[in-house]
Amino acid sequence: MQLTKFSAAIKPLTLAVGLFSTANAVAYNSIDDFTGIRTVASNLRTSEYIKSDDRLDQINMLINEHRFRDHLIRWEKRTMFLSSINAIIENEDFQTIVSMGYQAVPLIIREIENHPSTLVWALNLIYKQKITNDPKATISDACKQWVKKLKI
Amino acid sequence: MGEKTEDIKKQIIQAFPKLALDSYFELTSPYNSCYNCIAWAYNLDNRWMWPNTGGYVFLDGIHYWPSDHVLDCNVDNFIEAFNLKGYIICDGPDFEEGYRKIALYVAKGTKECTHASRQLNNGFWTSKLGKSQDIQHGTPYDIEGDSYGEVFCFMKREHK
């Protein structure tokens with residue numbers, strides 16, 4: 001999540017640099033044409049770079065989502081009939097989801113919003129806290145409260 | 001019965017093969033991962049009840065059972081916890097008018113408790129299968145196998 005924010009913050013700067021070089025390119029276009037230096041081409045590369053940066057973000061998001069879903073399905077399948085909290089949490093796929101950290105959070109939120117479940121324990125492990133100390137709170141209540149707190 | 005129900009039953013039978021021969025096997029609830037077998041043995045469907053094994057102190061929606069004290073999953077601790085609710089060890093699963101019975105299961109060759117099932121008023125049994133559905137089964141032995149191991153004991157208490 002922090003990485004995503006960082007790359008989002010750096011984009012306006014990249015755009016500014018891109019626009020600045022575009023302005024220069026327009027001014028010197030005729031010279032470039034004459035001298036054969038293809039500044040415009042380099043500007044195309046800049047805009048391609050910006051586009052590719054966006055695409056990289058999207059691709060990373062898709063890869064994360066795919067990875068998350070893969071582990072989620074396997075975890076659900078392998079722990080479907082268990083009651084033991086330790087066995088459910090110590091499952092390898094659940095641990096991988098937890099190790100994805102903040103990158104997994106929006107995906108977990110989306111999942112528990114639609115299907116309240118013990119997946120909420122992944123948020124407990126990522127944030128190292130409970131959402132409520134109400135002893136009567138159910139898993140369903142906790143899911144609703146996490147969604148309310150973290151849904152963007 | 002819908003195609004989806006049949007698919008779910010097949011999936012359950014894969015994990016509990018004896019159910020294939022149980023003509024009383026039925027799904028009795030939708031998938032719901034907000035309660036588990038121990039809660040269901042108490043006839044509750046809104047909490048996840050399990051001993052506090054000490055590993056995870058900040059999990060939402062868990063009712064450490066029978067108290068917050070750290071316990072392992074030895075079946076003796078489960079028996080003691082059901083004792084606190086008035087259950088006593090009894091001989092077998094036969095239906096007795098005026099009593100509610102439960103069965104406790106352990107992993108084969110160990111005393112590690114894996115599951116609890118409860119007798120219904122019609123004499124059949126009901127189990128909440130972990131995060132999955134709850135089901136009706138003819139006898140407590142129909143869900144023995146690799147998943148839950150074997151029945152360790154039966155307990156009963158008066159039921160009005």
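In this predicted model, the contact between the two chains draws 25 residues from chain A and 25 residues from chain B. On the side of chain A that touches chain B, helix H4 (85–89), helix H7 (120–127) and helix H8 (139–150) of chain A each contribute at least two residues. Sorted by class, that side of chain A holds 12 nonpolar, 11 polar and two charged residues.

**Chain A**

Chain A contains eight helices and zero strands, and its pattern along the sequence is α-α-α-α-α-α-α-α. Of its 152 residues, 24% count as buried. Among contacts in chain A with a separation of 6 or more, 49% join residues 24 or more positions apart.

The mean pLDDT of chain A is 78, and 67% of the residues score at least 70. Among the elements of chain A, the lowest mean pLDDT, 42, belongs to helix H1 (residues 2–27), and the highest, 98, to helix H5 (residues 92–99). The pLDDT is below 50 over residues 1–37 of chain A, a stretch that has 23 contacts in the model beyond near neighbours in sequence.

Helix H7 of chain A, which supplies residues to the contact with chain B, also has a buried portion: Val120(A), Trp121(A), Ala122(A), Leu123(A) and Asn124(A) are buried. The buried residues of H7(A) pack against H4, H5, helix H6 (105–114) and H8 of chain A. Lys128(A), which follows H7(A), has a positive phi near 55 degrees.

**The nonpolar core**

The largest nonpolar core has 60 residues, and those touching the most other members are Ile108(A), Val120(A), Ala122(A), Trp146(A), Ile38(B), Ile102(B) and Leu104(B). With residues up to four places away in sequence left out, Ile108(A) touches Leu119(A), Ala122(A) and Leu123(A). Of these partners, Ala122(A) and Leu123(A) are among the buried residues of H7(A).

**The sheet of chain B**

In chain B, seven strands make up an open sheet with antiparallel pairing, in the order S1-S8-S7-S6-S5-S9-S4. Strand S1 (26–27) and strand S4 (88–90) of chain B are at the edges with a single partner strand each, so one side of each has no neighbour in the sheet. Three of the pairings are set out below, each with one pair of opposed residues.

| Strand pair (chain B) | Sense | Bridges | Opposed residues |
|---|---|---|---|
| S5 (residues 99–106) and S9 (residues 150–158) | antiparallel | eight bridges | Ile102(B) and Met155(B) |
| S5 and S6 | antiparallel | five bridges | Ala103(B) and Ser117(B) |
| S6 and S7 (residues 125–128) | antiparallel | two bridges | Gln119(B) and Trp125(B) |

Strand S6 of chain B has six of its seven residues buried and is therefore largely enclosed by the rest of the structure. The hairpin of S5(B) and S6(B) has six residues between the strands, with Gly109(B) at a positive phi near 75 degrees. S6(B) forms a hairpin with S7(B) as well; five residues separate these strands, and Gly123(B) in the turn has a positive phi of about 90 degrees.

Helix H3 (residues 75–84) of chain B lies across S5, strand S6 (113–119) and S9 of chain B, and runs at about 165 degrees to S5(B). Ile102(B), which stands opposite Met155(B) in S9(B), is one of the core residues that touch the most other members.

Key. Residues are numbered from 1 along each chain as its sequence is written. Chains are lettered from A and ligands numbered from 1 in the order in which they are written. This is a predicted model: local features need pLDDT of at least 70, side-chain atom pairs count only at pLDDT 80 or more; totals for chains, interfaces and linings use all residues. Two residues are in contact if their C-beta atoms, placed from the backbone, lie within 7 Å. Helices (H or I, at least four residues) and strands (E, at least two) are DSSP runs, numbered from the N terminus. Ala, Val, Leu, Ile, Met, Phe, Trp, Tyr, Cys and Pro count as nonpolar, Asp, Glu, Lys and Arg as charged, and the others, Gly among them, as polar. pLDDT is the predictor's confidence in each residue, from 0 to 100. A residue is buried if 20 or more other C-beta atoms lie within 10 Å of its own, exposed if 12 or fewer, and partly exposed in between; C-beta atoms are placed from the backbone. A nonpolar core is a set of buried Ala, Val, Leu, Ile, Met, Phe, Trp, Tyr and Cys residues joined through C-beta atoms within 7 Å. Two strands pair if DSSP finds at least two bridges between them. Axes are lines fitted to C-alpha atoms, for helices over the stretch in contact, and angles run from 0 to 180 degrees between N-to-C directions.
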